[in-house]
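Colleague: I would like a close look at a single part of this chain. Please take one helix and its surroundings, then work outwards.

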Amino acid sequence: MNEVGYDTAHDAPLTAVKSVDLEPPAMAAPVDGMGCHAGAATMEAAARAAGQSDLLDQYAADYPQGPHDKPQSMCPAFGSLRVGLRMRRVATVLSGSACCVYGLTFVSHFYGARRSVGYVPFNSETLVTGKLFEDIRDAVHELADPERYDAVVVTNLCVPTASGVPLKLLPSEINGVRIVGIDVPGFGIPTHAEAKDVVAGAMLKYARAEIEAGPVAAPAAGRSDRPQVALLGEMFPADPMMIGAMLAPMELAAGPVLPCREWRELYAALDCDVVAAIHPFYTSAVREFQSAGRKVVGSAPVGHDGTAAWLAAIGDAYNVEPAKIAAAQNAFLPAIKAALAGVPIKGTITLSGYEGSELLVARLLIESGAHVPYVGTACAKTPWSEADLAWLEARGVKVKFRASLEDDLSAMQAIRPDLAIGTTPVVQKAKETGIPSLYFTNLISARPLMGPAGAGSLGQVVNAAIAGKARLEDMKAFFEGVGHGDTAGIWEGAPNLQPEFRAMHQKKLDKQARAAKAEEMI
């Protein structure tokens with residue numbers, strides 16, 4: 001794909017959709033995918049029987065699984081749902097079990113969503129007879145109001161995916177409103193971070209087809225007079241501005257951030273000749289950019305070494321003169337070094353998370369003076385994480401891709417760090433054992449990381465947490481002997497443990513496990 005052609009009329013309506021052929025597949029007969037209680041192997045087998053093999057094979061290639069075959073964070077569909085809810089003039093519709101939809105909408109609104117989530121209910125009859133697909137089609141026809149929406153994103157959760165509900169057979173547009181259908185099953189997408197890639201890739205594919213069909217709407221702020229770098233991965237709001245400042249000496253500019261906030265930003269992103277994979281797990285989105293002939297650069301301008309290498313890589317991708325690359329480096333590297341030295345971090349830290357930016361944060365902590373022996377990320381290893389991996393391993397860091405909760409807990413318990421940064425269960429376990437801890441998602445990844453602003457952003461919160469060790473030891477001593485788990489509390493006598501019931505229940509669990517294992521072997 002060459003340069004994007006924009007509609008010369010700046011006020012041309014965005015919803016003037018071109019005819020787009022997304023090659024819908026032949027419809028397979030719906031299959032009863034059973035319910036949410038069915039195991040991952042059962043649901044995957046049902047999905048393949050319903051004609052979903054190509055989809056699941058693509059997901060297996062894009063998001064290879066690790067030691068665990070299911071998400072150990074929240075439902076992955078939360079990631080794709082959140083992307084849609086953050087976009088202007090985009091409606092979101094879920095098709096899945098009511099309990100799943102309730103949980104996803106609850107969490108989405110807990111995290112600040114201010115929009116309704118559409119839901120198409122079903123029962124066994126509508127699922128197997130194909131009526132569910134008709135209900136979804138009716139729902140998108142009802143929603144497709146060009147005065148309100150540019151696009152409608154429809155998401156199949158586990159049961160509709162396992163049953164082969166064919167969202168690709170939905171019209172590609174209705175009344176000028178784009179219809180994007182995606183499948184985000186928990187048995188095919190390991191993390192909610194990678195579900196963001198599913199929807200980002202689907203939107204880019206649609207936008208690329210629109211561009212190839214003819215002129216598209218121009219960016220709301222107009223085209224940049226300098227070559228731009230598209231930024232792939234959700235970031236702290238100040239980070240794109242800092243990246244833009246660091247690119248300026250090379251006569252480059254920061255382009256749109258994906259996942260984006262408005263549909264027309266997809267066109268502008270595809271118009272960038274170079275894409276920075278700030279978060280390395282966007283394999284589907286990268287495939288669309290590469291199909292459009294765009295260059296992709298991994299890592300990010302994090303810390304002194306990371307910024308120097310990233311600016312050089314971006315400059316090389318755009319064939320920038322070495323003198324201009326050096327000018328950009330000289331303008332910012334001294335400030336980054338000073339910021340790192342200004343708030344030093346002393347202590348041993350274990351780091352784990354499921355956001356995809358764990359390796360970048362580890363680099364920043366190490367350059368701030370911390371000892372980081374272990375980094376665990378729930379995301380998979382990709383070509384775009386190789387530079388960060390090599391840098392960390394050269395400094396003796398054990399990096400675990402597709403890390404399980406058990407991996408993260410084992411590392412923390414073996415190392416006994418001064419601070420554990422991780423997911424909620426890691427933080428909980430650390431505090432129980434008297435180890436200071438910080439929740440990665442809310443307290444670490446929600447901070448600037450890029451350039452001079454990022455260099456000094458972690459020191460204060462990390463040092464304050466490490467300094468709280470004595471307070472945690474006091475709390476641990478205070479609550480010593482009050483019991484744990486189902487024996488928590490203060491008892492006048494011994495807790496009534498009911499060992500007979502425990503043994504009987506364990507036999508049931510063992511029987512279920514044997515049945516599931518036998519089913520996998522058939």
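Modeller: What follows starts at one helix, moves to its neighbours, and ends with a sheet and some backbone details. Keep in mind that the model is predicted.

Take helix α14, residues 358–367. How many of its residues are buried? The count is 10 of 10, so α14 is mostly covered, buried meaning under 20% relative accessible area. The buried set includes nonpolar side chains such as Leu364 and Leu365. Charged residues are in the set too: Glu358, Arg363 and Glu367 are buried.

Which helix packs against α14? Helix α15, residues 386–393, does. The angle between the two is about 35°, and their axes are 10 Å apart. The crossing of α14 past α15 is left-handed. On the α14 side, the contact uses Leu359, Leu360, Ala362, Arg363, Ile366 and Glu367. On the α15 side, Ala387, Asp388, Leu389, Trp391 and Leu392 take part. Look at the spacing along α14: Leu359, Ala362, Arg363 and Ile366 are among the contact residues. An α-helix has 3.6 residues a turn, so residues three or four places apart point the same way. What is the make-up of this contact by class? It has 8 nonpolar residues, 3 charged ones and no polar ones. Arg363, Glu367 and Asp388 are the charged residues, because Asp, Glu, Lys and Arg count as charged.

Just beyond the helix, the backbone does something to note. Gly369 follows α14, and its phi is positive, near 110°.

Next come the strands on either side of α15. The chain runs from β11 through α15 to β12, a right-handed β-α-β crossover. Strand β11 spans residues 371–377, and it pairs with β12 in the parallel sense over 4 bridges. Tyr374 stands opposite Lys398 of β12. Strand β12, residues 398–401, has two faces. Val399 and Phe401 make up the covered face. Lys398 and Lys400 make up the uncovered one. Lys398 therefore belongs to the uncovered face and also stands opposite Tyr374, with uncovered judged by accessible area.

Now to a sheet elsewhere in the chain. This open sheet has 4 strands in the order β7-β6-β8-β9, with parallel pairing. Its edge strands are β7 (253–258) and β9 (295–298), each pairing on one side only. The twist from one strand to the next averages 30°. Strand β6, residues 228–232, pairs with β7 over 4 bridges. Within that pair, Val229 has Ala254 of β7 as its bridge partner. Helix α12, residues 303–317, lies across β6, β8 and β9. Against β9, α12 runs at about 170°.

Some backbone details remain. Most residues other than glycine have a negative phi, and most peptide bonds are trans. The bond from Leu258 to Pro259 is cis, with omega near 0°. Pro259 sits in the loop between β7 and α10 (264–270). Asn319 is not a glycine, yet its phi is positive, about 55°. The loop between α12 and α13 (322–342) holds Asn319. Asn319 is exposed, at 65% relative accessible area. Asn175 also has a positive phi, near 55°. The loop between β4 (173–174) and β5 (177–183) holds Asn175. Asn175 is exposed, at 54% relative accessible area.

Notes:
Residues numbered from 1 in each chain as written. Predicted model: local features only at pLDDT ≥ 70, side-chain atom pairs only at ≥ 80, totals over all residues. Heavy atoms only, no water. Axes fitted to C-alpha atoms, helices over the stretch in contact; angles between N-to-C directions. Left-handed = near helix turned anticlockwise from the far one by under 90°. Contact = heavy atoms within 4.5 Å. Buried < 20%, exposed > 50% of the residue type's maximum accessible area, 1.4 Å probe, protein only. Pairing = 2+ DSSP bridges. Right-handed = clockwise from strand over helix to strand, strands pointing away.
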